[in-house]
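Here are my notes on this model, point by point. Please read them with the structure open.

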Amino acid sequence: FNDWDPSAKKMAYKAKEGYYSVSLKLAPGKYEYKFVVDGVWCADPQNADSVQNDQGTFNSVITVK
């Protein structure tokens with residue numbers, strides 16, 4: 001959703017709830033994503049839906065309806 005630019009849309013930490021979040025408006029479709037944690041690209045550990053990418057690792061997938 002941001003052309004894989006880790007600085008394009010930063011997540012905000014919700015200290016009271018104990019998690020990070022961001023709001024995005026996305027058109028219906030399938031989207032591949034990863035998080036950048038301490039400079040390292042990471043698949044979403046809470047999402048079992050993933051696909052292999054051209055780097056030999058996996059991207060998490062979300063479907064917006």
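1. Start with tyrosine 13. Its relative accessibility is 47%, so tyrosine 13 counts as partly exposed. The cut-off for exposed is over 50%. Tyrosine 20, at 53% relative accessibility, counts as exposed. Keep in mind throughout that this is a predicted model.

2. Now the aromatic pairs. The count is 5. In one of them, the ring centres of tyrosine 13 and tyrosine 20 lie 4.8 Å apart. Their planes meet at 50°, so this pair is tilted. Tyrosine 33 and phenylalanine 35 make an edge-to-face pair, with 5.7 Å from centre to centre and 70° between the planes. The label follows because an angle over 60 degrees counts as edge-to-face.

3. How accessible are the partners in the edge-to-face pair, tyrosine 33 and phenylalanine 35? Tyrosine 33 is buried, at 10% relative accessibility. Phenylalanine 35 has a relative accessible area of 26% and is partly exposed. The cut-off for buried is under 20%. Both residues also belong to a cluster: ring pairs link Phe1, Tyr31, Tyr33 and Phe35.

4. On the overall make-up, the chain has 7 strands and 0 helices. Read from the N terminus, the order of elements is β-β-β-β-β-β-β. The chain has 65 residues, and 12% of them count as buried. Along the principal axes, the C-alpha atoms fill a box of roughly 35 × 30 × 25 Å.

5. Next, the sheet. Which strands form the open sheet of 3 strands, and in what order? The order is E3-E7-E6, and the pairing is antiparallel. E3 and E6 are the edge strands. Each has a single partner strand, so one side of each lacks a neighbour in the sheet. On average, neighbouring strands in this sheet are turned by 35° against each other, direction ignored.

6. Take the pairing of E3 with E7. Strand E3 covers residues 29–33, and strand E7 covers residues 58–64. They pair in the antiparallel sense over 5 bridges. At one point of contact, glycine 29 stands opposite valine 64 in E7.

7. The other pairing is between E6 and E7. Strand E6 spans residues 50–52 and is joined to E7 by 3 bridges. These two strands run antiparallel. Serine 50 has serine 60 in E7 as its bridge partner. Glutamine 52 stands opposite phenylalanine 58 in E7. The hairpin of E6 and E7 has 5 residues between the strands, and there glycine 56 takes a positive phi near 85°.

8. Finally, the largest pocket. Its volume is about 870 Å³. How many residues line the largest pocket, and which lie nearest its centre? The lining has 26 residues, with Lys9, Met11, Val22, Lys34 and Phe35 nearest the centre. Phe35 thus ties the pocket to the aromatic cluster.

9. Where does the lining come from, and what is it made of? Strand E2 (19–21), E3 and strand E4 (35–37) each supply at least two residues of the lining of the largest pocket. By class, this lining has 15 nonpolar, 7 charged and 4 polar residues. E3 therefore appears in both the pocket lining and the sheet, where E3 stands at an edge.

Key
Residues are numbered from 1 along each chain as its sequence is written. This is a predicted model: local features need pLDDT of at least 70, side-chain atom pairs count only at pLDDT 80 or more; totals for chains, interfaces and linings use all residues. Side-chain values use heavy atoms; hydrogens and water are left out. Rings of Phe, Tyr and Trp (its six-membered ring) pair if their centres lie within 6.5 Å; planes under 30 degrees apart count as stacked, over 60 as edge-to-face and the rest as tilted. Buried means under 20% relative accessible area, exposed over 50%, partly exposed in between (1.4 Å probe, protein chains only). Two strands pair if DSSP finds at least two bridges between them. Helices (H or I, at least four residues) and strands (E, at least two) are DSSP runs, numbered from the N terminus. On a 1 Å grid over the protein atoms alone, a cavity is a set of points where a 1.4 Å probe fits but cannot get out, and a pocket is an open set with protein on both sides within 12 Å along at least five of seven lines; lining residues have an atom within 4 Å of a point. Grid points are joined across faces, edges and corners, and a volume is the space filled by probe spheres set on the points. Ala, Val, Leu, Ile, Met, Phe, Trp, Tyr, Cys and Pro count as nonpolar, Asp, Glu, Lys and Arg as charged, and the others, Gly among them, as polar. Axes are lines fitted to C-alpha atoms, for helices over the stretch in contact, and angles run from 0 to 180 degrees between N-to-C directions.
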